[in-house]
Amino acid sequence: MKEILSMDQVSFSYHVEGEEARKAVDHVSFTVNEGEWIAIVGHNGSGKSTLAKLMIGLLFPSEGNVNLFLEPLTEENLWEIRSRMGIVFQNPDNQFVGSTVQDDVAFALENNGVLFEEMVTRVHESLQKVNMADFLDHEPHHLSGGQKQRVAIAGALALRPELLILDEATSMLDPQGRDEVIRVVSELKQETGLTVISITHDLEEVLLADRIIVMNRGKMLKVGTPAEIFADGEELERIGLDLPFALKVSGLLREAGLPLDGEHMTEEELVNELWTSHFSK
């Protein structure tokens, strides 16, 4: 599989005058391959936000190397490498620069020198992919939270990136808006093979990931599939992370004496077993 991103013994320390340096990321190593969805989770202060900044070149490591598309990320190649990435941040309002939806999606394409005819095609295609084609002439600030974030994703997709990074992209949305964005990203990954890295604190969201990286105090605590990571729910709770709703309910039902087979990551899995094993007879 083609390597998209790797970190090799990466560390980063914040320096505040008069205080001892604080190591936010401590010798972190991992690799992301083409077509994977990787979720990075951790409580506040775990280092996941610093990792996001290291990935996109807002910060450079104190130690180790960040490699993107098999090249070390440097100040010299930063802009060329960024042109191959799409980035969606926490607050979509901070990303809008156009007076209409289509102007906003076209902004980065204009900056990259894309020809007008090609730009029009990409704007329409990317908005179609996120189900926002009917909002071409709407003002972005009049959209709902989920719609705004879908426009932000369309802007990233218009660049035709090889890697999409979501930095807490659903944290400011209501449940409906969050579900809209997660569904769109999931469908795009399935349809196009897009590589996705999502930095998040929402453990419901990470169930869609192929692998999860759990950060704690700047270090990588665990790496694995959702089933592997949530197999030890007590450890996650000890470091301040919540568990998916279905997993917690499954545990409570077992404590109450109801026999259940295996762990249930989603509400659908739990409801299906309850229905087939306990209520349909």
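Two strands count as paired here if DSSP finds at least two bridges between them. Keep that in mind for the strands below, and keep in mind too that this is a predicted model.

**Strand β3 and its neighbours**

Let's start with β3, which covers residues 37–41. On one side of the pairing, five bridges tie β3 to β8 (residues 195–200), and the two strands run parallel. If you want a landmark for that pairing, look at Val41, whose bridge partner in β8 is Thr200. β3 also pairs with β9, again in the parallel sense, this time over four bridges. There, Ile40 stands opposite Ile213 of β9.

How many of the residues of β3 are buried? Five of the five are, so the strand is largely enclosed by the rest of the structure. Trp37, Ala39 and Val41 point one way, while Ile38 and Ile40 point the other way, and all of them are buried. That fits a general pattern: in a regular strand the side chains alternate between the two faces of the sheet.

**Two nonpolar cores**

The largest nonpolar core has 48 residues, and Ile212 and Phe230 have the most contacts inside it. Several elements give two or more residues to this core: the strands β3, β7 (163–167) and β9 (211–216), along with the helices α3 (101–111), α4 (116–129), α5 (145–158), α6 (175–192) and α7 (226–230). Which element gives the most? That would be α5, with seven residues.

Apart from this core lies another one, of 30 residues, with Val10, Ile40, Ile165 and Ile199 among them. As a general rule, nonpolar side chains in soluble globular proteins tend to be buried together.

Back to Ile212 for a moment. Leaving out residues up to four places away in sequence, Ile212 touches Ala39 and Val41, then Val206, and then a run of later residues: Lys222, Val223, Gly224, Pro226, Ile229 and Phe230. One of those contacts, Pro226, lies in helix α7. With a relative accessibility of 12%, Pro226 falls under the 20% cut-off and so counts as buried. Pro226 and Ile213 are 13 residues apart in sequence, and their C-alpha atoms are 9.7 Å apart in space.

**Helices α1, α3 and α5**

Helix α5 has 14 residues and reaches 20 Å from its first C-alpha to its last, close to the 20 Å expected at 1.5 Å a residue. This helix is mostly covered, with 13 of its 14 residues buried.

In α3, the buried residues are Val101, Asp104, Val105, Ala106 and Leu109. Their cover includes α4 and α5. The charged member of that list is worth a stop: Asp104, in helix α3, counts as buried because its relative accessibility is 10%. Setting aside residues up to four places away in sequence, Asp104 touches Gln95, Phe96, Val97, Gly98 and Val151. Asp104 and Ala154 are 50 residues apart along the chain, yet 9.5 Å separates their C-alpha atoms.

Helix α1 (residues 48–55) has six of its eight residues buried, so the rest of the structure largely encloses this helix. The buried ones are Lys48, Thr50, Leu51, Ala52, Leu54 and Met55.

These three helices also have something in common at their ends, as the table shows.

| Helix | Residue after it | Positive phi |
|---|---|---|
| α1 | Gly57 | about 80 degrees |
| α3 | Gly113 | near 75 degrees |
| α5 | Arg160 | about 55 degrees |

**Rings and charges**

The structure holds one aromatic pair. Phe12 and Tyr14 have ring centres 4.9 Å apart and planes at 80 degrees, so the pair is edge-to-face. Are the two partners buried or exposed? Phe12 counts as buried, because its relative accessibility is 10%, whereas Tyr14 is partly exposed, with a relative accessible area of 25%.

Two arginines sit over rings elsewhere in the model. Arg82 lies over the face of Trp79, 4.8 Å from the ring centre. Arg84 has its charged end over the ring of Phe69, at 4.1 Å from the centre.

Key:
Residues numbered from 1 in each chain as written. Predicted model: local features only at pLDDT ≥ 70, side-chain atom pairs only at ≥ 80, totals over all residues. Heavy atoms only, no water. Core = buried A, V, L, I, M, F, W, Y, C linked by side-chain atoms within 4.5 Å. Buried < 20%, exposed > 50% of the residue type's maximum accessible area, 1.4 Å probe, protein only. Contact = heavy atoms within 4.5 Å. Expected span 1.5 Å × (residues − 1). Phe/Tyr/Trp six-rings, centres within 6.5 Å; stacked < 30°, edge-to-face > 60°. Lys NZ or Arg CZ within 6 Å of the ring centre and 35° of its normal.
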